[in-house]
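Work through the exercises below with the sequence and the model at hand. Try each task before reading its solution.

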Amino acid sequence: QKDIRETIDGILDEIEMYEITKGASHLYTADRLKRRLIRKLRLAYDLKYSAINDDVLFYCGKQAATIGKCIGGLIKEAQSKKK
């Protein structure tokens, strides 16, 4: 659980740094962290941790997909500003 929380904090930190610096590299890092978050959730589910059941995994997957869409939108925005 600690790793999952730290990964979420990392995503938020990178997005905050993007807002401050406008460096797209922070968005790519946030995207990598989002993929890491999904892997950690899936691993917790596969190892049958008590806090992760089918419903929790489904909910977290939907939320991670929403985060991914937001990050993707920011990446597209940053790329269009670069051109």
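**Exercise 1. Find what share of the chain's residues is buried, and describe the overall build.**

Solution. The model is predicted. Start with burial: 28% of the 83 residues in the chain are buried. Next, list the secondary structure. There are 3 helices and 0 strands. Along the sequence the pattern reads α-α-α. Then take the extent. The C-alpha trace spans about 45 × 20 × 15 Å along its principal axes. Last, check contact range. Take the contacts between residues at least 6 apart in sequence; 58% of them join residues at least 24 apart.

**Exercise 2. Identify the residues of the largest nonpolar core that touch the most other members, and the helices that supply this core.**

Solution. In soluble globular proteins, nonpolar side chains tend to be buried together. Here the largest nonpolar core has 15 residues. Those touching the most other members are Ile11, Tyr18, Leu27, Leu37, Leu41, Ile52 and Ile71. Now assign helices. H1 (2-21), H2 (24-46) and H3 (54-82) each supply at least two core residues. H2 gives the most, with 6 residues. Finally, take Ile71 as a test case. Leaving out residues up to four places away in sequence, Ile71 touches Ile11, Ile15, Leu27, Ala30, Asp31 and Lys34.

**Exercise 3. Decide how H2 and H3 are oriented: roughly parallel or roughly antiparallel?**

Solution. Two packed helices are described by the angle between their axes and the distance between the axes. Step one, distance: the axes of H2 and H3 come within 10 Å. Step two, angle: they cross at roughly 170°. Step three, apply the cut-off: angles over 145 degrees count as roughly antiparallel. H2 and H3 are therefore roughly antiparallel to each other. Step four, look at the residues in contact. From H2 they include Ala24, Leu27, Tyr28, Asp31, Lys34 and Leu41. From H3 they include Asp54, Leu57, Cys60, Ala64, Ile71 and Gln79. Step five, sort the residues of this contact by type: 15 are nonpolar, 2 polar and 4 charged.

**Exercise 4. Count the disulfides, and explain why Cys60 is not bonded to Cys70.**

Solution. The count is 0 disulfides. Check the geometry. A disulfide needs two cysteine sulfur atoms within 2.5 Å. The closest cysteine sulfur to that of Cys60 is in Cys70, 16 Å away, so the two are too far apart for a bond. Cys70 is likewise in no disulfide. Now compare exposure. Cys60 is partly exposed, with a relative accessible area of 22%. Cys70 also counts as partly exposed, at 48% relative accessibility.

Methods. Residues numbered from 1 in each chain as written. Predicted model: local features only at pLDDT ≥ 70, side-chain atom pairs only at ≥ 80, totals over all residues. Heavy atoms only, no water. Buried < 20%, exposed > 50% of the residue type's maximum accessible area, 1.4 Å probe, protein only. Core = buried A, V, L, I, M, F, W, Y, C linked by side-chain atoms within 4.5 Å. Helix = DSSP H or I, 4+ residues; strand = E, 2+ residues; numbered from the N terminus. Contact = heavy atoms within 4.5 Å. Axes fitted to C-alpha atoms, helices over the stretch in contact; angles between N-to-C directions. Parallel < 35°, antiparallel > 145°, perpendicular 65-115°, else oblique. Nonpolar A, V, L, I, M, F, W, Y, C, P; charged D, E, K, R; others polar.
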